[in-house]
Every structure is written in structure tokens, then in C-alpha cells.
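The following exercises concern strand pairing, sheet architecture and the surroundings of one charged residue. Please inspect the sequence and the structure before working through the solutions.

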Amino acid sequence: MSSHPRRIAIIGGGPGGLYSAALLKRLDPAREITVWERNAPDDTFGFGVVLSDETLGGIEHADPTVYEALQKHFVRWDDIDIVHRDTRQTSGGHGFAALGRKRLLEILHERCRDLGVELRFRSEAPYPAWLAEAYDLVIATDGVNSTTREAYTHVFQPHVATHRCRYIWLAADFAFDAFRFEIAETEHGVMQLHGYPYAADASTVIVEMREEVWRAAGFDELGEQESVERCAKIFSDALGGRPLRSNKSAWINFRTVVNEHWSYGNIVLLGDAAHTAHFSIGSGTKLAVEDALALAACLEEQPTLAEALTAYETERKPVVASTQRAARASLEWFENIALYLRQPPRQFAFNLLTRSRRVTHDNLRLRDAGFTESVEREFGCPPGTPPMFTPFRLRGLTLRNRVVVSPMDMYSSVQGIPGDFHLVHLGARALGGAGLVMTEMVCVSEEGRITPGCAGLYTGRQGEAWRRITEFVHDRSPGTAIGVQLGHSGRKGSTKLMWEGMDEPLPDGNWPLVAASPLPYKPESQLPRQLSRAQLTDIREQFTAAAWRAARAGFDLLELHCAHGYLLSGFLSPLTNRRTDAYGGSLEKRLRFPLEVFDAVRGVWPEERPMTVRISATDWAEGGTTAEDAVEIARAFAAHGVDAIDVSTGQVVAEEKPEYGRSYQTPFADRIRHEVGVPVVAVGAISSWDDVNSLILAGRTDLCALARPHLYDPHWTLHAAAEQGYEGPGVAWPDPYRAGSRPPQTGRTDAPKPRLTLEG
């Protein structure tokens, strides 16, 4: 079928459907395009719509007529106000444009009529299967409750997640002078207002709160008008005593919609029917309009309809997924806003502004340097010092900056002895400026290795080899600390080197495995033996012996590896611990052996040196460790004297389904830090110094551990300092490297600028 369909049916007359109709009709006036909308032309839900400059640029290029009409009605502003405990913080330079949703629809209605699109209001669209037979292309823009999507769930495979907060769309008959976030701490719990102007005399107001707060406040028993009046009373200061109004407004839970596929035959999903993103990043209408632009372009560019729909999905899915990750981070921040209420006012505001990770420390500095500097001062940054280069103290150890070289298995030891490779590998990263350099998981016994290439601390020769490395770090990179991570492979041992086949059993030379329960990691993995009481005692003593050797080897910090499905992690997860004795069952019992090992190691580890514990804060699998469990695990270790929790996730069961994304594990660290009150190390897809500064300054973590960036660049921290123009005590260039402490010059790419204008 041609990718230039002549007869097009559009289900749903929202902005996405109308703009699709206008674009496609403009591209080919001979097309027959019909839009079905069940509501009247002047019916609309919600009040204002925010569009980004990027989206407006696309509209201007594709349809200047629509763009010019929108421009006449936009209200624009730059500031965001955050009101928290009677203190208002203002950040400028953000750049917003908004207009009324009703006005937007009127503009699109007029444009569609001028172009000859048939608009059928108060009309239910025929069944999608009938439309698919009668039309060349069916565009389903029928919203979050899409009947088209539901009719073909077996094809589109939607995943719908309902979230914890209730919210209601309202309006006020005056214009806020900024995008306003106001927090109300009531006797029932925390409520928040999101408000922004959309006309010279009108603002959108969204009131949001957790479900349990909504019920405790009695909103579940109030009618529409009573809810409106109650909200106006709660936020009377923000509203200046003015009333709120509604428009068939109801309290609802936000639902995130994700579809595995966006098209079926000649039917394609667009806008909220295909995906949703939480209103707190203002992306619903934006995404729908961008979908329409992309779909129209793909229909023009591709030779067949099938190729056009595939190209549309290929182009838009990654963009939408990125937006949904940002929206999910923002949504969850507001769900958990009570965790942050005790933060200092400026840090709270910075945390809110950077919640989605779309706005960062460096980005905010460009937008509003004065505000960012005030947050840094409140945090304690000396003038000119990025947050990542402030010191941090753990027990008797003061780290000169917040950067950690994360533990990374190198699988390059012989008989467990670290050799020249480890000296160069760890030594180079110590010279590279990080405050703390961690070893890979160092195994406490020969049977506790993951692979034949794993390093150990179960013999004196291994201890001596490690001393050679720690002495190099302390002598050649003074101020850099080096830590050791101790662990036992458990059921994930006796496998090939990573690059030969990760988690695959050795073809020969295997050793017997032990675990909390006799469960193989993969179906083809070796079956481990369940540890007896006597064997638990032996392993505990192996950990203490390794810790004693680590202390003698000169390590500054010791981390106990209780993550990633290795032995101690295997006790913590209900998916890997099926024991019925004192070491299995409830979380308290599953914690028993890891805590016994921790106490034993703490008993031989020097008092002044800190101990951390790495945990998997979720198994990313049904029935496994949850974020709530992780808080209790961290709380238990904190009660036993841990100095910090290194918060990772997953790798516990082979069937896990991680939700990857930029700094995707940080929310787990953030929650533990605020709920337990213990220092945390964030790890996982943190790659830029801007991310590190943002996470530290927002109070989401105390330290940031980076792995792959340090494989790419051993001097990552030094280069981060150079790129930020920082030369203070938080980082030190080794004397032999000092000549390279500034970015090298490159060839000139600029050209002489014209200075004179000559008239003939």
C-alpha cells in the first residue's frame, strides 16, 4: 500500500488528532480526512497547555499559519517559584509558553475547516475494524482510555501503571506571575499545588496528594464543588484568597501508558493512546503534537504505508521513552515529597527543579547563576568549588571529593593474586583524582570465586600483593583512599571469564557451589548445596580472616558485598532464600546471616576505618526484594554500625527485568538516605560530572560511584576538574601530570567576523 493514503480516519479530536488532520491535508489537499470527536467543539477538559520552544519550532516549520495563530495567544514567563514552609525561592531563565486548551482547539478547528477537513463532533467513531476496511489509514488519538488500543490489546500489548497520587485540574481567574509550586503540610499529610498562567487573566491549578492523604482529608466523600472550595481554602495564600473553578473536574490517579507496538495494519496510535507522561513535566500535548509531525513526515518520506508506520514508531519510541523516564522520576519525586520537607529551603528548591534529571546543576547555572550559587553556599561549597569537590567524612576517613571508582571485576588474577595488571589498573585510577578507589569483589575463599580469574584475600601471598597496590596509591596519590570489597560468589561461582561467556559454567575444572538454598542461577548453571549451620560458621570466619588481611594490607575502607545475587545477597532475597530454619522466611530472618558476617568483620576491622555495605535495592522481579525491603535492610545494617550503604540493584535472578535509564538506581539511594538517615553511595548509569554535581547538591546521595566512565577515562575526575576550571583541594594533579591540567588546545574552527557593511 502507498505511504500516501488518500482516505484517512482520525479517532479523537484532541490537539494530536486535529494537528495530524491539518498537517496531512496541507501536504495533500486531495486527501479525504475525517475526524470523529464524541464531545462538542467547545467541550474540553483541563485548562492550560504548555508547549516548548522545540515543539513550537516544529509547528512553525510545518505550518506557519497555525504557528502565527498560536503566537497571538501565548503568555510567556521565565520564573519558577517554590513555596515551602512560608519561604519562597525563585529561579529564573526557564522560558515557558502557554495558552488555553480551549483556544488551542479553536485554532486547530479553524485551520482544519479552512483546509477542508471534515470534523464530526458529538459523534462516536465507527468500530476501528470497520474504519480500517473503509479507509487507507486510521489514526487513533482517542486518549489514555483509548478504545482502539483496547480493541487490539493482543497486538499493541499495552502496559498501564496506576500511580499513588490523586490530582484534580482546576483554574483560577488571575494569572500567576511564575510557574508556582506550593507545598502545604496539613494535619492529614502533604499536599501540593502546581500552577501556571495560560492567559492574561487565568491560570491552571492542579492540586495533588497521596491517595492516603486524600482519603484522610475526606476528599473521597466530597462532591466536585466542595472539593474545589476545600482546595481554595488550603491554598488560599497562593491564590490570594481568590476562588477556584472547575470544569467537570474529578479526582483521578495518573496512569502511565506504554505500548509494545504502536501500529497494526493501517491503524496507528498517537498521543495519549500510545503513551502518557506525567503532567508535572508538561509533556502530554507536546508529545502528541510531535507525534503528529513525525507521522506526517514519515508518510511523506517512506515508499509504503507499512514502512512509514515502522519509521514513525522507530523515530518516536526512543524520544517518548526518554520523556517517560523523566516524567516517572518527576512523578515519583512528588509521590515521595514528604521525604524532602526537612531539607534546607534552597536545597529543597534545587531538588524539586532537578527532580526529572532534565534540568541539571550546570543547566540551572546557565539559566540562573545567582540562584545556583545561593544553593551551593547553603550546601557549604567554598566559592568556585563544584559540589562534587567538597570533602566527605566517613568515621575516621575524610574523602577529599565525592567521586568513587566503583568496584569492577577484572578477572585478571592468577591463583587469586593481583598482579601488575591490578597495580596499573587501580594505580591509574588513583592517579586520576577520585576520592575513593574500590577494588573489584575480592573473594574470601577459593570456593567463593566467581571465575578462575577472581582476586582473593584468603592467603598471605594475596595480602602481600594487595599491600603493594595500596602502598603505591598512598605514596604516589596522597589524599586518595583505596577500599576493598569482600564477597563470596555463592551460587554464581565456577563460571567462565566475563568475555568468554558471562555467568556460563566452566567447561571443566569446576568447583562445588554453596548458597542459601539449592537453587541454580540459570537452568544450565551448577546446582549449589544449601549451607549447613557449621558451614555458615566457616564462611563467617573466612570473611573475618580476609578482613584481617585487608587491614594489614593497608586498605582505608572495607565494603561487604551483599548485592548482585552473590552469597550474602542470596540470603537477603526471598527469591533465592527458601530456607525454613532461623536464616530464612521473614526479612528479619533473611538478614540474620549477613548481619552476623557484618558484625564479625566489624569486630576485626580497625575501629577508625569505615565499613560500607553494597545491597541490591530491588531484584527487578516479581516476588523479590522491593524498595520498601531495601529501606529495612539498610536500617538493619545502620543499627549494626554501617558507615554508608552502597545502593545498587538487581543481578540477583536471571529473569530480572530492569528499568534502565540515566542514573536509574539513584532513587533507591535517595529514599534510603532520607528514610534511614544513613549516608549512601549512588551507582548505576551516572556518567557526567554534571550528574554528580546535581545528585550531590540535591541531597539525593553523599557519594557517586562510577564504573564504565573510569574504564573509558582513568583520569575522569581530573578531567572533570579541568573542564569546570576547578583547581582547589578537592582534587590534586600528580606532579608529573601537572602540565596537562588544562584541556589541550585544538585547531581553530572560528572564522573572522564581518566588521563592516559596505553599501554600493
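**Exercise 1: An open sheet**

Strands β11 (residues 179–186) and β12 (residues 189–199) pair in the antiparallel sense over seven bridges. Helices (H or I, at least four residues) and strands (E, at least two) are DSSP runs numbered from the N terminus, and two strands pair if DSSP finds at least two bridges between them. The model is a predicted one, in which local features need pLDDT of at least 70, side-chain atom pairs count only at pLDDT 80 or more, and totals for chains, interfaces and linings use all residues. Residues are numbered from 1 along each chain as its sequence is written, and side-chain values use heavy atoms, with hydrogens and water left out.

Task: Place this pair in its sheet and identify the edges.

Step 1. Within the pair, F181 stands opposite H194 in β12.

Step 2. The open sheet has seven strands in the order β6-β5-β11-β12-β13-β10-β14, with mixed pairing.

Step 3. β6 and β14 (252–259) each have a single partner strand, so one side of each lacks a neighbour in the sheet.

Step 4. On average, neighbouring strands of this sheet are turned by 25° against each other, direction ignored; axes are lines fitted to C-alpha atoms, for helices over the stretch in contact, and angles run from 0 to 180 degrees between N-to-C directions.

Step 5. Helix α13 packs on the sheet and touches β5, β6 and β11, where contact means heavy atoms within 4.5 Å. The direction of α13 makes about 130° with that of β5.

**Exercise 2: The hairpin of β5 and β6**

Task: Determine how β5 and β6 pair, and which residue between them takes a positive phi.

Step 1. Strand β5 (residues 80–84) is antiparallel to β6 (residues 87–91), with five bridges.

Step 2. H84 stands opposite T87 in β6.

Step 3. Two residues lie between the strands, and R85 takes a positive phi near 55°.

**Exercise 3: The surroundings of R355**

Task: Locate R355 and state which side chain of opposite charge is nearest.

Step 1. R355 lies in the loop between α13 (345–353) and α14 (361–367).

Step 2. R355 is buried (under 20% relative accessible area, 1.4 Å probe, protein chains only).

Step 3. R355 has no salt bridge, that is, no side-chain nitrogen of Lys or Arg within 4 Å of a carboxyl oxygen of Asp or Glu. The nearest side chain of opposite charge, E208, is 8.4 Å away.

Step 4. Leaving aside residues up to four places away in sequence, R355 touches several residues, including F181, W333 and R700.

Notes:
Buried means under 20% relative accessible area, exposed over 50%, partly exposed in between (1.4 Å probe, protein chains only). Lys and Arg count as positive and Asp and Glu as negative; His and the chain ends are not counted.
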